[in-house]
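Trainee: I have a model open and would like to practise justifying the labels we give to its contacts. Could you go through the reasoning with me?

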Amino acid sequence: MRHSVYSKSPQLVDLADQPLFRHTFNFSHPIMVGARPETKKMLRYLQQQEPGTFVLMKHVLSSACTNSTDDSTVIDSGANEGSWSLVAAAYGCRVIAVDPQPMCARLLQKAVAAPANVWLGGRLQVVNALLGTRRLNISFPVDGCHGVRQVLPNGKLSQAYHGFRLTRASNKRVRVGSMSVDELLPPGGRVAFWHLDVEGAELDVLASAATLFVQRRIERVMLEVIPSFWTKFGWSEAQGLRQLGKIFAGWRCVRVCDGAVYNFTRNIESACQPDVFCSKASPSKSRDSPQSNTIIFLSVSSACVLGVAMCILGFVRGVS
């Protein structure tokens, strides 16, 4: 990271003061995250548009971090301001947070170094890089940390549309290189949980973890499935869904919004929150069967209207 291109240090905001973060995770310590206008907007977006993610994160991180070994890691790709990376570290996970935007990486590095976050124990590593199979060297604006930023296969910058647009970028720029997910981990390292939010580049980023998949060193994956973004990356909806079906063949996958079993045969982006959670199948545990998960998750979807606590309780019973 080239710190010389930056000026003022960002201010920090406590995730424990954010309503849905507070009610879901019940933090006993502050978790400070960089607070710029666009990242505050992203925190509001997460809490308003992706409530299912909070329930999922609570259970999955409890399981992945409690049962993880020294060689297990959480990868947060498309980490943005780093909220989920910091929450994972708070649960005791070793975390690698990756984002190609220099300001996002700087915000998260500042948060990691904040005195209030010392209790996280240095478990979070920040990597400023673009993930994928192609070797690229991208010229990024030094300012702006946007949850809608896209890097196209030709190296040009674009944006996904989630109801808000990018702020105007500075003329100052810095070069950011690319790497594969396989390169993130040391030999023998395992991924306890991979959070994948890369605005349409999912297929190429997943392909960059080919060795980890073949060697079965990835335990759980949560990813966005938004086929309308894929055309910019050279995939049709049908091609992309087929490819995801191949990658996750033999895995147990469910929609985050309601727990319905999902097999990548249809587009779900208009139905509900377009995120999918996949874990390795455990045929020896009957309660982990797709049918069992469907029944429990559907009851959880109804129970959520009664409050976050009931929603979390049902989710914990339904997924492992």
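Trainee: How many salt bridges does the structure hold?

Mentor: This is a predicted model, and it holds 6 salt bridges.

Trainee: What makes E38 and R36 a salt bridge?

Mentor: Their side chains meet with N to O at 3.0 Å. The cut-off is a Lys or Arg side-chain nitrogen within 4 Å of an Asp or Glu carboxyl oxygen, so the pair of E38 and R36 qualifies.

Trainee: Why is E38 called buried, and why is R36 called partly exposed?

Mentor: Buried means under 20% relative accessible area. E38 has 9%, so E38 is buried. R36 has 23%, and partly exposed runs between 20% and 50%, so R36 counts as partly exposed.

Trainee: How do you know that E219 forms a salt bridge with K280?

Mentor: Their closest N and O atoms are 3.7 Å apart, which is within 4 Å, so the label applies to E219 and K280. E219 lies in the loop between α7 (210-214) and β12 (220-224), while K280 is in strand β14, so this pair ties together parts that are 61 residues apart in sequence.

Trainee: Are E219 and K280 buried or partly exposed?

Mentor: One of each label here: E219, at 25% relative accessibility, counts as partly exposed, whereas K280, with a relative accessible area of 14%, is buried.

Trainee: What makes D258 and R255 a salt bridge?

Mentor: The closest N and O atoms of D258 and R255 are 2.5 Å apart, so they too satisfy the 4 Å cut-off. Both D258 and R255 are buried.

Trainee: Which residues do salt bridges that share partners join into one network?

Mentor: That network consists of R190, E219 and K280.

Trainee: Let's turn to the cysteines. How many disulfides does the structure hold?

Mentor: The structure holds 4 disulfides.

Trainee: How do you know that C65 and C93 form a disulfide?

Mentor: Their sulfur atoms are 1.5 Å apart. The cut-off is within 2.5 Å, so C65 and C93 count as a disulfide. The two cysteines sit in distant parts of the chain, 28 residues apart: C65 in helix α3 (residues 51-66) and C93 in the loop between α4 (83-90) and β4 (95-98).

Trainee: Why is the disulfide of C65 and C93 called left-handed?

Mentor: The torsion about the S-S bond is about -90°, so the disulfide of C65 and C93 is left-handed. C65 and C93 are both buried.

Trainee: And why is the disulfide of C104 and C145 called right-handed?

Mentor: There the S-S torsion is about 110°, so the disulfide of C104 and C145 is right-handed. C104 lies in helix α5 (residues 102-113) and C145 in the loop between β7 (137-141) and β8 (149-151), so they tie together parts 41 residues apart in sequence. From S to S, C104 and C145 are 2.0 Å apart, and both are buried.

Trainee: What makes C253 and C278 a disulfide?

Mentor: The S to S distance of C253 and C278 is 2.1 Å, which is within 2.5 Å, so the label holds for C253 and C278. With 115° about the S-S bond, their link is right-handed. C253 lies in strand β13 (residues 251-255) and C278 in strand β14 (residues 275-280), so the pair ties together parts that are 25 residues apart in sequence. C253 is buried, as is C278.

How values were computed. Residues are numbered from 1 along each chain as its sequence is written. This is a predicted model: local features need pLDDT of at least 70, side-chain atom pairs count only at pLDDT 80 or more; totals for chains, interfaces and linings use all residues. Side-chain values use heavy atoms; hydrogens and water are left out. Helices (H or I, at least four residues) and strands (E, at least two) are DSSP runs, numbered from the N terminus. Buried means under 20% relative accessible area, exposed over 50%, partly exposed in between (1.4 Å probe, protein chains only).
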